Amino acid sequence: MSKEILVAENVTKIYGVGTKNPVTALEDVSLKMYEGDFVCVMGPSGSGKSTFINNLSTIDVPTKGKVFINGKEVRTMGENEVGQFRYQNLGFIFQEFNLLDSLTIFENIAVPLTLSNTPLSEIKERVQLVAKKLDVDILLDKYPNECSGGQRQRAAIARALVTNPKLIVADEPTGNLDSQNSHELLELFKKLNEEEGVSILMVTHDSMIASYSQKLLYIKDGHIAETIEKGNLSQKEYFYKIVDVNSVESQKLFVD
Amino acid sequence: MGNFKFSMRMLKKEYKKSLVYTLTLALVTAVTFLFFNIIDNPHLMDAPQQTSQWFYTQMPFSTMLSFLIIVFCAFMIVFANNFYVSRKTDEIAIMTMSGSTFINVTLYLIYQNILMTFIAFIIGVILGSGISMCVNQFIYSYIHYQGAFFYIPMNAIFDTIICILAILFGQLVYTSGFVYRKDISYLLSQEKTNISQDERIFKFPSWIYIVIYLFGVVSLVMSYNSVSAIFPCFIGSMGIGCMIKYNFPKLFHIMKSKKWLADKLKLISLSNLYYSLRRAYILVGLYAVSSSVMIAIMIMQKDNPRELITAFIGFIVVTILILASIIYKYVMEATTRKLFYYNLYKMGYTYRQLKAIIKQEVTYFYSLLFGLPMVIIILSLIQAYLHQDITIHFMIMILAVQIISDIVACVFTYIAYKKNVLKVLEEGVRYE
C-alpha cells in the first residue's frame with residue numbers, strides 16, 4: 001500500500017467571513033492522495049477547483065476542516081515549516097507561468113534550490129541538468145519577457161522539477177499552450193508519474209488533458225460531484241467517461 | 001456629458017492613484033508659489049540697476065534661481081503626469097475598445113486632470129502661502145528688514161495661475177499624443193508590466209559612464225573655485241545617472257551568478273533593485289545633479305545672506321520634490337509586483353523573508369541614491385572648507401538635510417511598498 005501524501009478532511013473554504021456577503025467556495029470536501037497518484041480536478045468555471053488545490057497545497061488555509069501533509073496537519077505547522085515543506089516537496093505550475101520577471105530563466109529555475117540552501121556549485125549543476133531535460137538550456141540567460149509562451153511554461157516546469165518534488169500541483173498548466181506543447185507537457189507528467197513516482201494534482205478544463213490522469217474529481221458548486229477512477233480502462237475509454245461527466249451538465253441545460 | 005460623468009466616477013473609483021498624483025501636484029504648486037513669492041516680493045529685492053538698454057538690467061541671483069526652480073517644478077509636473085497617464089492604460093484601452101474616439105478619451109483624461117489640478121492648486125496655494133510667510137520672515141531677519149507677516153504679493157498668485165495653466169496645456173498636448181500613438185494591445189499590457197527596454201540610439205560602452213563620473217570627481221580634487229565647482233558637480237552627477245542605468249545592472253548580474261545565487265534574499269532583492277534602478281535612473285541622476293549643483297551654488301553665495309537663504313530653501317524643496325517623486329514612482333511600480341511576491345510566497349518564501357527582501361531592496365536603492373552623489377558633495381564641501389572658509393556648522397547642516405531626507409524617504413517607501421505587495425498575504429494566508 002502506498003503512503004498517504006496528502007489528506008483533506010471535510011475542507012470548507014468561505015471567503016469574506018464576517019462581511020455582509022460571505023461566499024462558500026468549497027464545502028465539506030475530502031480527498032486522500034497517495035504517493036504516485038495522478039489526480040485531475042475538473043468542473044465548470046467558478047466551481048471551486050483552484051480554491052480546492054490552493055487549500056490542499058498550503059497556498060490557502062481552509063476555514064473549516066483539516067489538511068494533512070505527510071501525516072502532519074498544515075494548521076499546526078509554523079510559517080517557516082510550511083515554507084520549507086513547499087520548496088522541498090511541492091512543485092507548482094500555473095497557467096500564467098508565474099515566472100519572476102526580474103530574474104533570468106536560470107535564476108527563476110534556481111529559486112527553489114536557493115531556498116533550500118543548496119551550495120552554489122550544486123545549484124548551477126542541477127539547473128543545467130533540468131534545463132537540458134526540458135529543452136530550455138539555450139534560454140538560461142534570457143528574461144521571461146524575451147521567451148515565447150511554450151518556452152516560459154517549460155521554464156516554469158523546470159523550476160517545479162528542479163528540487164525533485166514529491167507532488168506537482170498544476171493549475172491549468174496547458175491553458176496558454178498550443179495543442180502540441182500541451183501534449184508534450186502531459187507526456188512529461190505521465191513519465192514523471194510512472195517512472196519517477198511523482199504525484200500530480202492538476203486542474204484542467206480539457207477532457208483530453210484530463211485523460212492522462214488516473215483519477216478524476218468533478219467539482220460543482222464547491223462539492224465533489226463525481227469521482228472517476230481510470231483503473232484498467234484505456235486512455236480512450238477513460239476520455240469518453242470524462243466527456244460524459246462533463247456533458248451531463250450541458251445536457252441538463254437542454255432538458256430544463 | 002456622459003463622458004464627463006464617467007470620467008469623474010472613474011476618478012473616484014481609482015482614488016488611490018489620483019490621490020498621490022494630486023498631492024504631488026499640490027506640493028509642486030506650493031513650491032512654484034513660494035518661488036514666485038520670492039521673485040515678486042519687492043521687499044526681497046535690491047533695486048535693479050537700470051541702464052538704458054534692457055539687457056544690461058542686473059537680475060538678482062535669487063530671482064534667476066527661483067526661475068530655474070519653477071522650471072524644474074514644471075518638469076516635475078510633466079513627469080508626474082507622464083507617469084500617471086502611463087498607469088491608466090487599462091482604462092484608456094477599455095474605452096477605445098468600447099468605441100470611444102480619440103477626442104473622447106483625451107477629454108476623459110483632461111476632465112480628470114482639470115479637477116485634480118484645481119484641487120491641487122487650492123491646496124498648493126494655501127500650503128505655499130503658509131510656507132512663503134515663514135520663509136519671508138526668515139529672509140527678512142537675514143537682511144534686517146521688518147516686514148508684515150501676512151504679506152503675500154498678489155502677483156505670486158497670478159503668476160502661479162499662469163504657470164499652472166501653461167502646464168495644463170502641456171498636459172493636454174502630452175495626453176492627446178499618448179492616446180493617439182498607442183494601440184490597444186500595447187495599452188493593455190503596460191499596467192501589469194515592469195519591463196524596461198534599452199532605448200538608446202547610441203550605445204556607448206558602459207565604462208564611458210564611469211570615466212565621466214570619475215572625471216567630475218577628479219576635476220573637483222584637482223582645481224577648485226566656487227564658480228567652476230558647479231561644472232564638475234554637474235558632469236560627475238550626470239555620470240551617476242548613466243552608471244545607475246547601464247553599469248550597476250551588469251555588476252549585479254555578475255555578482256548574482258558568482259555569489260548571490262545561493263542567497264535567498266539577495267537573489268530576489270538585487271534582481272528587483274536592478275529593475276527599480278533602471279526605471280528611476282532619470283530621477284536618481286536628477287537627484288545627484290540637483291543636490292550637488294545646489295550645494296555648489298550655496299557655497300558660491302555664502303557671503304550673500306539673501307541669495308544663500310534662497311539657495312538653501314531651493315536646495316531643500318528640490319530635494320523634497322525629487323524624493324517625493326521617487327517615492328511616488330517606486331510605490332506605483334510596486335503595484336505591478338503583487339503577483340511577483342505572491343508567487344515567491346507560493347514557492348516557499350515566508351512572510352518574514354518577503355519583508356526582508358523588500359527592506360533590502362529599498363535600503364540598497366536609497367544607499368546608492370545617497371552614496372554616489374555623496375562622494376561629490378563631500379569633496380566639494382571639503383574643498384570649500386579648505387579654500388573658502390565655509391564653517392563646519394554649514395557642512396553639518398547640508399549633510400543633515402541630505403541624510404535625514406534620505407532616511408525619511410527610505411522609510412516611507414518601505415512602508416508603502418510593503419503595504420502594497422504584501423497586503424494580500426496579511427489579509428488572507430497567514431500561518432502565524
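In what order do the strands of the open sheet in chain A stand? Follow the sheet in the structure above and you will meet 6 strands, arranged as β6-β7-β8-β3-β9-β10, with mixed pairing. Keep in mind as you look around that this is a predicted model.

Let's start at the borders of that sheet. The edge strands are β6 (90-94) and β10 (223-229) of chain A, and each has a single partner, so one side of each is left without a neighbour in the sheet. As you step across the sheet, the twist from one strand to the next averages 15°.

Now walk inward from the β6(A) edge. Its partner is β7 (residues 167-171) of chain A; the two strands run parallel and are joined by 5 bridges. To find your place here, look for Phe92(A), which stands opposite Val169(A) in β7(A).

Further along, β3(A) and β9(A) also run parallel, joined by 4 bridges. Here Val41(A) has Leu217(A) of β9(A) as its bridge partner. Leu217(A) is a handy landmark, for it also stands opposite Thr227(A) in β10(A). That pair takes you to the other edge, where β9(A) and β10(A) pair in the antiparallel sense over 6 bridges. These two strands form a hairpin with 2 residues between them, and in the turn Asp221(A) has a positive phi of about 50°.

The sheet has a helix lying across it, too. Helix α1 (residues 49-56) of chain A crosses β3 (38-42), β7, β8 (199-203) and β9 (215-220) of chain A, and it runs at about 150° to β8(A).

Next, let's see where chain A meets its partner. The contact brings together 29 residues of chain A and 23 residues of chain B. On the chain A side, the elements that give two or more residues are α2 (79-89), α3 (105-115) and α4 (120-133). Of these, α2(A) gives the most, with 7 residues. Sorted by class, this side of chain A has 15 nonpolar, 9 polar and 5 charged residues. For the complex as a whole, the predictor gives an ipTM of 0.76 and a pTM of 0.78.

Now turn to chain B. Its domain assignment gives domain 1, made of 1-46 + 59-193, and domain 2, covering 213-432. The C-alpha centres of the two domains of chain B lie 24 Å apart. Where they touch, domain 1 of chain B brings 25 residues and domain 2 of chain B brings 18. Helices α2 (15-40), α3 (61-86) and α5 (102-143) of chain B each supply at least two residues to the domain 1 side. The largest share of that side, 10 residues, comes from α3(B). What classes of residue make up this side of domain 1 of chain B? There are 19 nonpolar, 4 polar and 2 charged residues.

Finally, a word on confidence. Chain B has a mean pLDDT of 81, and 88% of its residues reach 70 or more. Among the elements of chain B, helix α15 (residues 351-388) has the highest mean pLDDT, 89, while helix α7 (residues 184-190) has the lowest, 57. Over residues 47-57 of chain B, pLDDT stays under 50, and the model has 6 contacts beyond four places in sequence for this stretch.

Technical notes
Residues are numbered from 1 along each chain as its sequence is written. Chains are lettered from A and ligands numbered from 1 in the order in which they are written. This is a predicted model: local features need pLDDT of at least 70, side-chain atom pairs count only at pLDDT 80 or more; totals for chains, interfaces and linings use all residues. Domain bounds come from an automatic or database domain assignment. Two residues are in contact if their C-beta atoms, placed from the backbone, lie within 7 Å. Ala, Val, Leu, Ile, Met, Phe, Trp, Tyr, Cys and Pro count as nonpolar, Asp, Glu, Lys and Arg as charged, and the others, Gly among them, as polar. Two strands pair if DSSP finds at least two bridges between them. Axes are lines fitted to C-alpha atoms, for helices over the stretch in contact, and angles run from 0 to 180 degrees between N-to-C directions. pLDDT is the predictor's confidence in each residue, from 0 to 100.
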